[in-house]
Amino acid sequence: MFSNELRAYLLSVPEITALIGNRLYPGWFPENVVYPAVAYLAASDVSHHDLAVAYPRYQFSCMSPRYLEAKTVAAEIRNALQRFKGNMGGTRVIQGVWDGAREIYEPDTKLYHIATDFKMIYRE
């Protein structure tokens with residue numbers, strides 16, 4: 001499953017693990033998570049009907065009680081995925097395409113939330 005390969009790749013990037021350790025969660029955050037942390041999900045799951053190419057969009061929610069820390073985590077994910085080409089586990093990635101980011105402050109939890117999106121184009 002590509003989302004597992006994506007997670008494994010991101011956790012192999014030293015600049016990311018230096019910031020979040022292994023706190024990269026599929027779906028959403030578990031209870032009592034330590035921040036900074038990142039949750040990710042496939043916001044859309046698109047592929048060509050006549051080609052063996054998929055191009056889902058993934059959202060990474062980078063959260064921290066410190067604004068600059070959340071921004072730094074999002075920037076490192078962008079550095080790792082933008083224009084990525086090559087093998088990611090057993091999947092041949094054609095290209096990672098950054099699709100923008102949004103900054104949100106969550107007043108109930110007092111967390112900064114940087115939501116950054118990527119289209120990951122790969123061969124199925």
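In which strand is the place of T91? In this predicted model, T91 has its place in strand β6, and with a relative accessible area of 11% it counts as buried, because buried means under 20%. Apart from neighbours within four places in sequence, T91 is in contact with F2, E5, G86, Y122 and R123. One of these partners, F2, returns below in the account of the aromatic rings.

**Helix α3 and its two sides**

The helix α3 runs over residues 67-81. Its 15 residues, at 1.5 Å a residue, should span 21 Å, and the end C-alpha atoms are indeed 21 Å apart, so the expected and the computed values agree. Within α3, the buried residues are E69, A70, V73, A74, E76, I77, A80 and L81. They lie on the same side of α3, because they cover an arc of only 155° around the axis. On the face of α3 that is turned away from this buried side, one finds the exposed residues L68 and N79.

**The nonpolar cores**

The largest nonpolar core of the model has 26 residues, and those with the most contacts inside it are L6, F60, I77, L81 and M120. Two or more residues each are given to this core by α1 (2-10), α2 (14-20), β2, β4, α3 and β7. The largest share, six residues, comes from α3. A second, separate core of six residues includes F29, V33, A37 and L111.

M120, one of the residues with the most contacts inside the largest core, has a long list of partners. Leaving aside neighbours within four places in sequence, M120 is in contact with F2, L6, A54, Y55, P56, Y58, L81, M88, V93, Q95 and G96.

**Strand β4 and residue Q59**

Strand β4 is made of residues 57-64, and Q59 has its place there. The side chain of Q59 is joined to that of S61 by a polar contact of 3.2 Å. When neighbours within four places in sequence are left aside, the residues in contact with Q59 are A39, Y40, L41, R102, H113, A115, T116 and D117.

**Aromatic pairs**

How many aromatic pairs does the count come to? The count comes to 10 aromatic pairs, and two of them are set side by side in this table.

| Pair | Distance between ring centres | Angle between planes | Kind of pair |
|---|---|---|---|
| F2 and Y58 | 6.1 Å | 55° | tilted |
| W28 and F29 | 4.8 Å | 75° | edge-to-face |

The pair of F2 and Y58 ties together parts that are 56 residues apart in sequence, because F2 lies in helix α1 and Y58 in strand β4. Both F2 and Y58 are buried. In the other pair of the table, W28 has a relative accessibility of 47% and therefore counts as partly exposed, whereas F29, at 12% relative accessibility, counts as buried. Ring pairs also link W28 and F29 with Y25 and Y35 into a cluster.

**Backbone features in the loops**

Most residues other than glycine have a negative phi, and most peptide bonds are trans. Against that background, three places in the backbone deserve attention.

The peptide bond from Y35 to P36 is cis, with omega near 10°. P36 lies in the loop between β1 (24-26) and β2 (37-44), while Y35 is also part of the ring cluster that holds Y25, W28 and F29.

R83 is not a glycine, and yet its phi is positive, at about 65°. This residue follows α3, and its place is in the loop between α3 (67-81) and β5 (86-88). Is R83 buried or exposed? At 57% relative accessibility, R83 counts as exposed, because exposed means over 50%.

K110 is likewise not a glycine, and its phi is positive too, at about 60°. The loop in which K110 lies is the one between β6 (91-106) and β7 (111-123). With a relative accessibility of 54%, K110 also counts as exposed.

Notes:
Residues are numbered from 1 along each chain as its sequence is written. This is a predicted model: local features need pLDDT of at least 70, side-chain atom pairs count only at pLDDT 80 or more; totals for chains, interfaces and linings use all residues. Side-chain values use heavy atoms; hydrogens and water are left out. Helices (H or I, at least four residues) and strands (E, at least two) are DSSP runs, numbered from the N terminus. Buried means under 20% relative accessible area, exposed over 50%, partly exposed in between (1.4 Å probe, protein chains only). A polar contact is a pair of N or O atoms within 3.5 Å; within protein, one must be able to donate a hydrogen and the other to accept it, and residues adjacent in sequence count only if both atoms are side-chain atoms. Contact means heavy atoms within 4.5 Å. The expected span of a helix is 1.5 Å times one less than its number of residues. The arc is that of the directions from the helix axis to the C-beta atoms. A nonpolar core is a set of buried Ala, Val, Leu, Ile, Met, Phe, Trp, Tyr and Cys residues joined through side-chain atoms within 4.5 Å. Rings of Phe, Tyr and Trp (its six-membered ring) pair if their centres lie within 6.5 Å; planes under 30 degrees apart count as stacked, over 60 as edge-to-face and the rest as tilted.
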